[in-house]
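Reader: Before we go through this model, I would like each label tied to its cut-off. Please start with the terms.

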Amino acid sequence: MRNAPTILHLDMDAFFASVEQASKPSLRGKAVVVGGLGPRGVVATASYEARVLGVHSAMPMAQARRLAPNAAYLVPRFMLYRTISEQVMALLRELSPLVEPLSLDEAFVDLEAGGTAWDEESARRAGVKLRADIRAVTGLTGSVGLAASKMLAKIASEQAKPDGLTLIEPGTERAMLGPMTVRTLPGVGPATGDHLRRAGISTVEELAEAGEDELVRLLGKAHGHALYAMALARDERPVVAEREAKSVSVEDTYDVDIHDRLRVGLEVQRLADRCVGRLRGAGLSGRTIVLKVRRYDFSTLTRSETLRGPTDDPVVIREAAARLLESVDTTGGVRLLGVGVSGLADYTQEDLFAQAMPVLPAEEPEKGVPEPVVERPEPAERQWRAGQDVRHTEYGHGWVQGSGLGRVTVRFETPQSPPGRVRTFLVDDPALESADPLPLTADPRHPPAGLAPPGSDRHEAPHQAPAASDDARPAGPRPGPDAGPPAGGGREAGADGASGIGREAGVGRSVGVGCEAGADRSVGVEGEAGADRSVGVEGEAGGGRSVGAEPAEGAGQASSDPASLPKSWSGAAGGGVTSRP
DNA sequence: TCTGGGGTCCTCTAGCTC
DNA sequence: TCTGGAGCTAGAGGACCC
């Protein structure tokens, strides 16, 4: 282990939620939850405001809604997050060529290898500058950990959260780690944590005292040795810039369990094709085909088959997946299916034939493959996805809060503007078109795309809206703190109507609807506290009313059935109590 | 309450060959 | 010829991470 804290770990704070807050001023300071909005969705990221209410990652969305009924629930926009992530990674590469991304929002940097830092002082300077640069370029905050090893740098960044910097001075590591819980150490999850607790080990110090042999006996060779080393603050792993993928897989969880064997087969074929699309997109082929089945009772089975040589041939992979499915009992229903390929290789000689075949689009089955019966027909009307960026010829840039019953509700604001106003249009309003996300900052290195100048909406959202209902109402007194819905018990309607979301999240079926609106009642109402009929056009994510895979779910149908109205609506986060422009 | 998606790594077991 | 052990690989499942 080196003598200076020159390994940096960056962890962006509540990344997905922060990006949404940065791009939507009306959500700033509010509880925002990003994740799959279907009935089986889970939370990907919660803003710190939502965390205060007990919402955290990996929590079932239904539970999050109970804890934070007034939060804004949004589907992830991975394209946007990837763009922001690339900006952050570029800043990291200015520090060193040795950058090891762990995910979109997290990376290690070897500052010493880049000549950026050689001692405590220079490392701290680099960390401070990095945080300032990230804020300038993206408008977001990140937490930085600095230490002499990867493990310690990661622990340090965790301690620095949110929006801080922690440096662990060499020589102080063991004293610092000692009283911490074993769960602090990377690789100790709930199962290992429980296992150790039953053995009377709950702190890192106790872990070190237990001794290596005991840990190996308890946890097995690899885990035991590794954990003992970590307990002594020993970690020699280098920062590795390039890591090769070992497997490629796709999987879908279905809103409703699939019982029909024929349909299970068709879904597996569809997943196999998607997997091939990914595989070819990465220029890879693989030898081992893996089928994953999660049954109605959440038990998970995998079946695999290793071929003689690597392939990216959709026919071969489809057939292998079908063979594997034959060995699985699906009576009782399946909730998840997945197809993966491991044993990856670059193209081999025998794959030349496969290479000559047309490349599959990542998400589309090859021609000739029967479409699964679950595919929904395209609705005749235009679809607007909650959270989607749009532009109106008159009002400028905004984002879709929800749609349904032939209407779409848009909040007109940009990352640089104050919270904007909400207006409702017909879904096929020719003045409304989808738009690219705007840059989160006006940083000169990343000039705005030129759709709507920052702040323009503030003055360009006049009351005389010919095509739209003018939703502006006297603000009136607020009913209370952010926690409550607006007066009138704001509700939303037609959640199902705003379908078609969620594909980009990779949750093919967990198609939720974001901040929702669309009932007649929402027209002309801003959903603002104090409005006489504030019907909660904002903030709601569809109440788990995802557009399901099952046609019986009424996919794509806007609902006007009062009984189907979601239990919650939005108030706090969604804008019911956001500041008025 | 009811648990995503996309990965990596590890352990255990069984079958095969020498 | 039979048997047992070592070493290897494949297959299955679990734990963990973000």
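Author: Ala, Val, Leu, Ile, Met, Phe, Trp, Tyr, Cys and Pro count as nonpolar, Asp, Glu, Lys and Arg as charged, and the others, Gly among them, as polar. By these classes the surface near DNA strand B has 11 nonpolar, 6 polar and 9 charged residues. This is a predicted model, in which local features need pLDDT of at least 70 and side-chain atom pairs count only at pLDDT 80 or more, while totals for chains, interfaces and linings use all residues. Residues are numbered from 1 along each chain as its sequence is written, chains are lettered from A and ligands numbered from 1 in the order in which they are written, and side-chain values use heavy atoms, with hydrogens and water left out.

Reader: What makes a residue count as near DNA strand B?

Author: One of its heavy atoms must lie within 4 Å of the strand. For DNA strand B, 26 residues surround it, and the closest are Lys246, Ser247, Glu251, Thr253 and Arg335. Of the strand B atoms within 4 Å of the protein, 76% belong to sugar or phosphate and the rest to bases.

Reader: How do you know that Ser247 makes a polar contact with DNA strand B?

Author: A polar contact is a pair of N or O atoms within 3.5 Å; within protein, one must be able to donate a hydrogen and the other to accept it, and residues adjacent in sequence count only if both atoms are side-chain atoms. A side-chain N or O atom of Ser247 is 2.6 Å from a phosphate oxygen of DNA strand B, so the pair meets the cut-off. For Arg335 the side-chain distance to a phosphate oxygen of this strand is 2.5 Å. Glu251 reaches a phosphate oxygen of DNA strand B with a polar backbone atom, at 2.6 Å.

Reader: Which element gives the most to the surface near DNA strand B?

Author: That is β9, with 7 residues. Helices (H or I, at least four residues) and strands (E, at least two) are DSSP runs, numbered from the N terminus.

Reader: What surrounds DNA strand C, and which of its atoms come within 4 Å of the protein?

Author: DNA strand C is surrounded by 18 residues, among them Ser103, Lys154 and Thr306. Of its atoms within 4 Å of the protein, 100% belong to sugar or phosphate. The side chain of Lys154 places an N or O atom 2.3 Å from a phosphate oxygen of DNA strand C, and a backbone N or O atom of Gly189 lies 2.8 Å from a phosphate oxygen of that strand. The largest share of this surface, 6 residues, comes from β11 (300–311).

Reader: Why is Gly178 called buried?

Author: Buried means under 20% relative accessible area, exposed over 50%, and partly exposed in between (1.4 Å probe, protein chains only). Gly178 has 9% relative accessibility, so it counts as buried. Gly178 lies in the loop between α7 (173–177) and α8 (190–198).

Reader: What makes strand β1 largely enclosed?

Author: In β1 (residues 7–12), 6 of the 6 residues are buried, so the rest of the structure largely encloses the strand. Ile7, His9 and Asp11 are buried on one side, and Leu8, Leu10 and Met12 on the other.

Reader: How do you know that β1 pairs with β7?

Author: Two strands pair if DSSP finds at least two bridges between them. β1 and β7 (residues 142–147) are joined by 6 bridges and run antiparallel. His9 stands opposite Gly145 in β7.
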